Every structure is written in structure tokens, then in C-alpha cells.
Amino acid sequence: MKRFSLFLVPLFLLFTFVFCGKKGPILPPIKKIPQKVEVFEIAQRGEKFILEWENPAAYTDGSSLSNIAEIEIWLAEQEREKVEKGSGGENKQISLEEFEEIARLAVTIKKERFSAYQTKRGDAPGKFRYFYELTGKDFTPKNLTFGLRVKDSKKRKSAFSGLLSIEPKIISLPPAGTKATVFKDRIEITWNPAEKNIDQSSPPHFKGYNIYKLNEAGLAYRLNSQLVKERKYSDKDILLGEVYRYFLRAVISDSPPLSESDNSEVIEVLAKDTFAPAVPSGLVSIATEDFISISWDANLEKDLAGYRVWRKMEGEDKYISLTPLPIQGNAFNDTSVEKNKRYYYAITAQDKSGNESPKSESVSLRP
């Protein structure tokens, strides 16, 4: 038995080595690089290009990316006549290979400077904005293409973002002479076109205007959905008594990439309520031995404070107020009357700002 056991041991070992799993080829480690910038936009405003983007939040393997150390902005310049045309005659997008060959590094933004380029609160927390200033030579016919990439703290760099191309345009200076007039239901803004373009040439180049309104946080948003062709615009989204701020831009291209002038002067408007309610109407009266009852149609103003009742006696020229403070209802009983005397009544409406309507047509009765 002992001899048989000694025979089984080497047999077991042989079986183990022959049939155990074999190792596969050694795989290279997954290369951990930042994802590329996906959200990237460009627009011309006056003498500068505005580049806006959102930094990636992960590596290509899906792990979190919280240590971006640098943002690089690359620029490729091509003379317009050398830009390849598409089948429809439009400028053909430069290829990534060609961009990498001819582009130059325009600017590097270090981590310690990120706060200077982050947009105001209210936008995405990782949203950045950079202003590329145009110079005189930039207005010669050319095509500018921008691309972005980021690096982490270990100098591992992302692929380039999608490339955005734009042609610098000679555009009007901002509109001038902006004024605002307050009406009961709107603020009407008027302005004059500029006399020159950003390169001091004339006449000014623009197709229309965009109107912007600043909210309480100072962030601007566009009011018009379509380009404004006239030199006036009415903002009906107002409340009397509130303060509003506006500015304008002349527009030469309203489709991406957007091309606008710089901002006009910001105008601040107090929508002061100086508008009286409508004159009350529909007065009727009933006389009894002891009082005269009058009623009228209710006014429809949202800021109505109430009504004042006015009375005079026959032979008198001046009305006196029976209600020093406005009353809420649209009816009133005058119990301070004497028999066989004729009384005349009129009503005024008053709003919460103290504006009062003219007197209504009068009614008269003799108790």
C-alpha cells in the first residue's frame, strides 16, 4: 500500500502541471489620458473672438479627472484663397492632421490662473471663457481655426477638441444714443446706428440688432428671438416700480459662429408708475328716506388700491371727498344726507402708487 501511494504522488504532480491554466500574453497597461474637450463654442464680438468651453471631468477610462493643470489653445491661420472649398462653395473644415501640422500654441492657461477665465456664477462650474484679441493684420482675408486640449498634473495631454473655424469680419461699432421710455404695459427702447466700423471704415456693416437684458445677478440674456431690423424694441415683461438694465449689439451674422459688435452703453430704467387707473364707469344710485346708495363697475387694474367717493350739493361747484382713504368695494352708502336736498356723486379709482383717475360722470338723487 505504501509503495502504491508513492506512485500516486508523482502522477498527481504531473497531472497538475499538464492541465493547469496557461498564462496568456502580457497586455500593456491601459493608458490613462484626459478626455478631450467636448463643449466648445466661438463667436466674434467687435475686435475679439470669444472662446467658451467646458473642461472634461474624466479620463478616457472613466475615472474622475480633478487635477487639470493646463489648458492649451492652439491656432491655425490660413489665407482665405488657400482654404479648400467644399462642393457647395463653402470653406472646407481643416483636417485634424493638417491642424496638428500647421497650428501654433496661442496661449497656455495654468491652473493657478483658472479663476480669471471661469465664467460668472450661474453657468456650468467648469465653463471657461477666453478673449482672443484681433489686430490689424487679422482683418486681412484669412481663416482662423482654434483647437483646445488639456493636461493633467503628470503632463498627460488629451486629444484635441473639435476644431472651430471662423473668418474675422469688419463689423459695425456698437449702437449709440440708446434711450428708454416707460409705458403702462412696456418699456420701449430706441437707438441710433453707429457711423463707422471697428476699422474706422464706413458705412457700418450690420444686418440688425440683438437686445440684451441684465438680471439681478448681472447676467445678460437675449430678449429677441429674431434679429431686430428696426431701431426700436418693446420689452413687455416688466413690472411698474422695478429697475431694468439693457444694452444692444449690432449683428452681422446671427448663425454660428455669431458675429456681433461690442456692447452699447448700458441704460438703467426705473419703470416708475405714473399711470392712473381707468375712470370708473357704470354708476347707478338708489335713494331712500335715510341714505343714498351708489354702486359702479369694478376696475380691472392689478395694482388697484381702491376707490374714493366724491359728493357735492345742488348749487355747489366743488366736490368734497367722503372717503379720505380708498375703499375696497365698488358700492357705498351715504348716510349723511338730508331730505329734499339733491346730491351729486362721482367716483375716482386710485392705485397702490397713489395715482388717481379723473372723476367719473356724476349721478344725482334727492332722498
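**Aromatic pairs and charges over rings**

Q: Are tryptophan 53 and phenylalanine 128 buried or exposed?
A: The model is predicted, with local features requiring pLDDT of at least 70 and side-chain atom pairs pLDDT 80 or more, while totals for chains, interfaces and linings use all residues. Residues are numbered from 1 along each chain as its sequence is written, and side-chain values use heavy atoms, leaving out hydrogens and water. By relative accessible area (buried under 20%, exposed over 50%, partly exposed in between, with a 1.4 Å probe and protein chains only), tryptophan 53 and phenylalanine 128 are both buried.

Q: How many aromatic pairs does a search of the whole structure find?
A: Rings of Phe, Tyr and Trp (its six-membered ring) pair if their centres lie within 6.5 Å, and planes under 30 degrees apart count as stacked, over 60 as edge-to-face and the rest as tilted. Searched in this way, the whole structure gives a number of aromatic pairs equal to 12.

Q: How many residues apart in sequence are the parts tied together by tryptophan 53 and phenylalanine 128?
A: The ring centres of tryptophan 53 and phenylalanine 128 are 5.9 Å apart with planes at 10°, so the pair is stacked. Strands are DSSP runs (E, at least two residues) numbered from the N terminus. Because tryptophan 53 belongs to strand 2 (residues 48-54) and phenylalanine 128 to strand 5 (residues 127-133), the parts tied together are separated in sequence by 75 residues.

Q: Which residues form one aromatic cluster with Phe49?
A: The rings of tyrosine 132 and phenylalanine 146, with centres 5.4 Å apart and planes at 70°, make an edge-to-face pair. Both tyrosine 132 and phenylalanine 146 are buried, and the residues that form one aromatic cluster with Phe49 are Tyr132 and Phe146.

Methods: Helices (H or I, at least four residues) and strands (E, at least two) are DSSP runs, numbered from the N terminus.
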